[in-house]
Amino acid sequence: MKIEYLYPEFCGIFGDQANMAYLKQCLEDAVFYDTPIEQVPHFVEEDVDMIYIGQMTERSQKRVLEKLIPYRERLQTLIEQGTVFLVTGNASELFGEYIEEEDGTRITCLKLFSTYAKQDIWHRYNGLVVGKFENMEIIGFKSQFSHSYGSHQKDAFIHVTMGDGMHPGIQEEGIHYKNFFSTYLIGPLLILNPAFVEYLLVLLGVNKDIAYKEAMYEAYTHRLEDMKRLQSK
Amino acid sequence: MFKGVRFYIALWAAKSAYVILKILKRNATHYPGWVALKICPQFLKKVEKPETMIGVMGTNGKTTVSNMIDDVLSYHHYVYLNNRLGSNIKDGITTSLLKGCSILGKMKYQYGVLEIDERSSRLILPYVKPKYIVVTNIFRDSIKRNAHTDFIFDILSHSIPEKTLLVLNSDDPLSNQLKPQQEHRYYSIAPLPYEKDKPLSIVRDVMLCPHCGAKLQYDFHRYHHFGHVYCPNGDYTSPTPDYLIESIDYEKENFVLKFEEERYTFHLVSDNLINIYNQLAAISVLHTFGLTMKQLQDAFKSMKVTRSRTSSFKVKESEIITHMCKGQNAVACSRVFDYVHFTKGPKEVIILLDDNGDAKKSSENLNWIYDADFELLNDESIEKIIVGGKRCFDYKVRLLMAGIDESKIIACEDEEKTIEYITNPPKEHIFILHDIWKYQQCQTLAKQLVERLK
């Protein structure tokens, strides 16, 4: 199995890099490519089973787009053929139409999904999220300068029951299309959600226990209870 | 010069608020400034400032550096304005300045030392223009407030006044790039014999040459993005330091500082490298300000780091050390973990990092713990780690991820009960690492632990 982490030197701030660190501990036999920005990604020349990209700075978004736009067609092919994609934080914006900066400048994105993002640098948004995906309750955190708009209902990843979706006031969070998952949730999404890791492992054709299963579920259960207590207030 | 009726009403109202709060024994470090700005939004612009000001900024260490500067100036009988007991955001700086003015608005002090919050600097520095600003570093901080280093760097780049002389850390390839067209002095610590050249750091916020975008190379890599860097295309290199700590003698508790080919021996205020950087920053800016090396050597002779940061208790053959770990700040915590890691001898560690506010009212975002180097606690000399508080189960997972054996980890929801898990007879060192707001609580816990271990 091959798992590619795109640009870990930029795309893993806010603890997002821990998603791959954790998968490495779950999948000891898998090959993990940590692809730096100056290198051609492995997915260009070979099929990989999973691609991960995480939260980055707004400046890094431009740098990463410059690298990924030439591979737009290939990324589309991989999404259509069912490669697993996990995209966290503002990396999710790169797969939409464009990012609008505060002065109205539009940064062209990969245009693989019909969403667009708007930045608001002086009003940072922080939030907690509980939401449903299939039979799971997903928990997570948001901390961002931008929100996404546009078509979102059909392919929403998480139906939020506490907190906000892709922009304040809606319940649809992220995109789930085939095996592509993107969300504004930042940080160690997988570590916070052991059931979702188990779900991903099934998608990857792996039949084994996740690492530190008991401790992970213990932490998850306490966190979910905590969040539900807040929700009921 | 008459500053307008509104200004004087604001000044008198704020001064009255200050007096009333003091009579009520309340903390009057923020509200008077808020009152002044509410009545006169131009108050910060109009209020008189000390003629010569030193600003202290940076993600980590600015409070310690400000305190050191204050202590040195007091030692030499300078009379100056400061915000040592106040807040470092706009309202707090305003409070400090209005306190320093007479009721007619005349500034009473010639000198000022102000610790200034980086994020708030865009609201402060257009009106408060320090002659000198020392920047300790720029690191990843609380993401909820400070987002990331690009954000903070851009704020500082736009806010720092053009005529300010900057005293910067040459070893920080991020903050040493601030305002390259301005006058600078740089400070640095040379590689030390015990330091590994390939540090165990998750966070590294500077990777590329600011000019050509090539991947930066290191002559010496200390931790995170700190070190002596160069661009392989020759477009950037760490600046040559004016103030260089050449060597540190931990046994004799001193270090040798080189300045213009002369060498000066200084008493070491703390054996923790982050505090040695803080001391060096204070020395560099105060020397730039005009104190002589002799004055600085004398003032630092008997200085200690403020007690709220670290304290020590002896019991039997053991030492209990409480150490502040700035929660939500991965780099600050990593540096403390590094200190624990390098402390020789068997030890047990209590970790109390829950945010008190979030523990009561929210569900704390703990993303930052995956940026912090808990791997430094994966060491044979650390025989037990007790994590306390509501989020102890999240910390347990983090410690497992760091490769620490589960048998060494105890998760205890009740912070007060964590000390019950410390082994008796005690190990050589017992560390209590605590969040910024838990100082008093941990002093009590340490004293209870002393009684229990006696």
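Helix α5 of chain B, spanning residues 90-99, is a good place to begin: nine of its 10 residues are buried, and the helix is mostly covered. The model described here is a predicted one. The buried residues of α5(B) are B:K90, B:D91, B:G92, B:I93, B:T94, B:T95, B:S96, B:L97 and B:L98. Their packing partners, within chain B, include the helices α1 (5-23), α2 (31-39), α3 (43-46) and α6 (121-124). The strands β2 (80-82) and β3 (111-115) of chain B also pack against these buried residues.

From this helix, the view can widen to the nonpolar interior. The largest nonpolar core holds 192 residues, and B:I69 and B:V285 are those with the most contacts inside it. Helix α9 of chain B (residues 273-289) contributes the largest share of this core, nine residues. Domain 1 (5-300) and domain 2 (310-453) of chain B both give residues to the core, so it lies between them. For B:I69, when neighbours within four places in sequence are left aside, the contacts are B:I54, B:V56, B:V113, B:A282, B:V285 and B:L286.

Chain A offers a sheet to follow strand by strand. This open sheet has nine strands with mixed pairing, in the order β2-β1-β3-β4-β13-β12-β11-β8-β9. Its edges are formed by β2 (31-35) and β9 of chain A, each of which pairs on one side only. Direction ignored, neighbouring strands of the sheet are turned against each other by 25° on average. In general, the strands of a sheet pair through backbone hydrogen bonds, in either a parallel or an antiparallel manner. Here, strand β11 (residues 156-162) and strand β12 (residues 172-177) of chain A are an antiparallel pair, joined over three bridges. Within this pairing, A:H159 stands opposite A:E172 in β12(A). Helix α6 of chain A (residues 194-203) packs on the sheet, where it touches β4 (84-88) and β9 of chain A. The direction of this helix makes about 105° with that of β9(A).

The two chains also meet each other. Their contact takes 33 residues from chain A and 22 residues from chain B. On the side of chain B that touches chain A, α7 (143-146) and α13 (392-401) of chain B each supply at least two residues. Helix α13(B) gives the most to this side, with six residues. Sorted by class, the side of chain B that touches chain A has 10 nonpolar, seven charged and five polar residues.

A few details of the backbone complete the picture. In chain A, the loop between β8 (125-133) and β9 (136-144) contains A:E134. Phi of A:E134 is near 50°, a positive value in a residue other than glycine. A:E134 counts as exposed because it has 9 C-beta neighbours inside 10 Å, with 12 or fewer being the limit for that class. In chain B, B:K25 has a positive phi of about 60°, although it is not a glycine. B:K25 is placed in the loop between α1 and α2 of chain B. With 7 C-beta neighbours inside 10 Å, B:K25 counts as exposed. The peptide bond from B:N424 to B:P425 is cis, with omega near 5°. The loop that holds B:P425 runs between β16 (409-412) and β17 (429-434) of chain B.

Technical notes: Residues numbered from 1 in each chain as written. Chains lettered and ligands numbered in written order. Predicted model: local features only at pLDDT ≥ 70, side-chain atom pairs only at ≥ 80, totals over all residues. Buried ≥ 20, exposed ≤ 12 C-beta atoms within 10 Å, placed from the backbone. Helix = DSSP H or I, 4+ residues; strand = E, 2+ residues; numbered from the N terminus. Contact = placed C-beta atoms within 7 Å. Nonpolar A, V, L, I, M, F, W, Y, C, P; charged D, E, K, R; others polar. Core = buried A, V, L, I, M, F, W, Y, C linked by C-beta atoms within 7 Å. Domains from an automatic or database assignment. Pairing = 2+ DSSP bridges. Axes fitted to C-alpha atoms, helices over the stretch in contact; angles between N-to-C directions.
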